[in-house]
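Please walk me through this protein structure, starting with whatever stands out at a single residue and then moving on to the fold as a whole. Plain running text is fine.

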Amino acid sequence: MPRVLITTDYLRPGDEVDRLLRRAGLETVHVPPTGRDPEQLVAALDGIDAALVGHDPFTADVLARAPRLRVIVRTGVGYDSIDTVAAAKLGISVSNLPGVNANAVAEYTMGLLLAGARRLVQSAQGVANGIWPREDGHELRGATLGLIGYGAAARAVVPLARAFGMHVVCTTSVPPELRDSAEVRFVELPELLAVSDYVSVHTSLTDRTRGLLDESAFKQMKPTALLVNTARGAIVDEDALAAAVRSGEIAGAALDVAREEPLPPGSPLRGVDGIVVYSHLAGQTAEARAAAGLQGAEELLAALAGRPRFAVNADLIAEGKK
């Protein structure tokens, strides 16, 4: 009987996902998320054939110490915590669930835009502290939203932003023939930074995008601009961001993600007026979680049968078999 490790924090023994996997003849093993501790993950993977996981650190060393592992499925979109190349060399299929939480992320993005534009968090904090803030905010109508990336979440943002009367520009590596919206003007990054009143990050974390928004990028932005990041924290140079907001190079930032999570006490993002950090909630709705759990289980069963639908390293595995 194949054994499945489940570390996704909202999946529980006896829930719908657990029952589906057990009905398919699998033994499920639930452990808490292993966070940044690879040794805990290695111990949890002992005797495991497949894994349904969150952001656990599947490094090359961890993978090499899990000889039975054949399948990893991320119950989400990002998979930068998994060494997909090392997995492919070991014949381990790695899948994600593209678009599973796109609507949740899009709605949340608009929430951050509104909260930042109207300084809602600062207002509520002021009232809680016994004062009555009355600063002017800004309307979204007529403003320009710059999207970095054009995946499922960014695409879902477009109609919401347009409903608010915003103009939308986007920079992306998606081929021109797949840029399917007449309501988006596609531009290069320097132009996007220069014209946008709000810059929203939706790209994946790669060697190319790590630190993409750095000191130079902030100097290209409007002094009234707000940065929103619901993608990955490491795409933003946090020291440069803090300096840019403090100096008035940009107006502020609403960040759902950080380079290190939970946010450490010494983070440069702390104590900067205009920077609000949230606790990585963009995709965390009841609806998105339910869909991710079930789709993740279905993908895991398909991958164990040799028919993964969303394997991100399928080409590498095929190349290794030649």
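**Local geometry, core and overall form**

Arg119 has a relative accessibility of 22%, so it counts as partly exposed. That value falls between the cut-offs, since buried means under 20% and exposed means over 50%. The model is a predicted one, and the values here are computed from it. Arg119 sits in the loop between α5 (102–117) and α6 (120–128). Its backbone is worth a look: phi of Arg119 is near 50 degrees, a positive value in a residue other than glycine.

His280 also has a positive phi, about 55 degrees, although it is not a glycine. This residue is placed in the loop between β12 and α11 (286–304). Because its relative accessibility is 23%, His280 counts as partly exposed.

A further backbone feature is found at Pro262, which lies in the loop between β11 and β12 (275–277). The peptide bond leading from Glu261 to Pro262 is cis, and its omega is near -5 degrees.

Two helix residues show what burial and exposure look like here. Lys89 belongs to helix α4, residues 84–89. With 73% relative accessibility, Lys89 counts as exposed. Its C-alpha atom is separated by 9.5 Å from that of Glu319, although the two positions lie 230 residues apart along the chain as a sequence separation. Leu41, in helix α2 (residues 38–44), is buried, because its relative accessible area is 0%. What surrounds Leu41, once its neighbours within four places in sequence are left aside? The residues in contact with Leu41 are Leu5, Thr34, Asp56, Pro57, Phe58 and Val62. For Leu41 and Phe58, the C-alpha to C-alpha distance is 8.0 Å at a sequence separation of 17 residues.

The interior can be followed from the largest nonpolar core, which has 31 residues. Those with the most contacts inside this core are Leu192, Leu193, Leu213, Phe218, Leu227, Leu241 and Ile275. At least two core residues come from each of α8 (189–195), β9 (198–201), α9 (215–220), α10 (238–247) and β11 (252–255). The most is given by α10, with five residues. Apart from this core lies another, of 27 residues, among them Leu147, Val158, Met166 and Val228.

Leu192 gives a closer view of the packing. Neighbours within four places in sequence aside, Leu192 is in contact with Gly146, Leu147, Ile148, Val169, Cys170, Thr171, Val187 and Val199.

Now the chain as a whole. The secondary structure comprises 12 helices and 12 strands. A compact globule of 322 residues would have a radius of gyration near 20 Å, and the protein has 21 Å, which agrees. Along the principal axes, the C-alpha atoms fill a box of roughly 65 × 50 × 35 Å. Of the 322 residues, 48% are buried. Among contacts with a separation of 6 or more, 62% are between residues 24 or more positions apart.

The last points concern surface and charge. About 15500 Å² of the protein is exposed, and carbon and sulfur atoms supply 52% of that area. There are 32 positive and 39 negative side chains, and the centres of these two sets lie 3 Å apart.

Terms used:
Residues numbered from 1 in each chain as written. Predicted model: local features only at pLDDT ≥ 70, side-chain atom pairs only at ≥ 80, totals over all residues. Heavy atoms only, no water. Helix = DSSP H or I, 4+ residues; strand = E, 2+ residues; numbered from the N terminus. Rg over C-alpha atoms; globule rule 2.2 N^0.38 Å. Buried < 20%, exposed > 50% of the residue type's maximum accessible area, 1.4 Å probe, protein only. Contact = heavy atoms within 4.5 Å. Areas by Shrake-Rupley, 256 points an atom, 1.4 Å probe, with all protein chains shown as cover. Lys, Arg positive; Asp, Glu negative; His and termini not counted. Charge placed at Lys NZ, Arg CZ, Asp CG, Glu CD. Core = buried A, V, L, I, M, F, W, Y, C linked by side-chain atoms within 4.5 Å.
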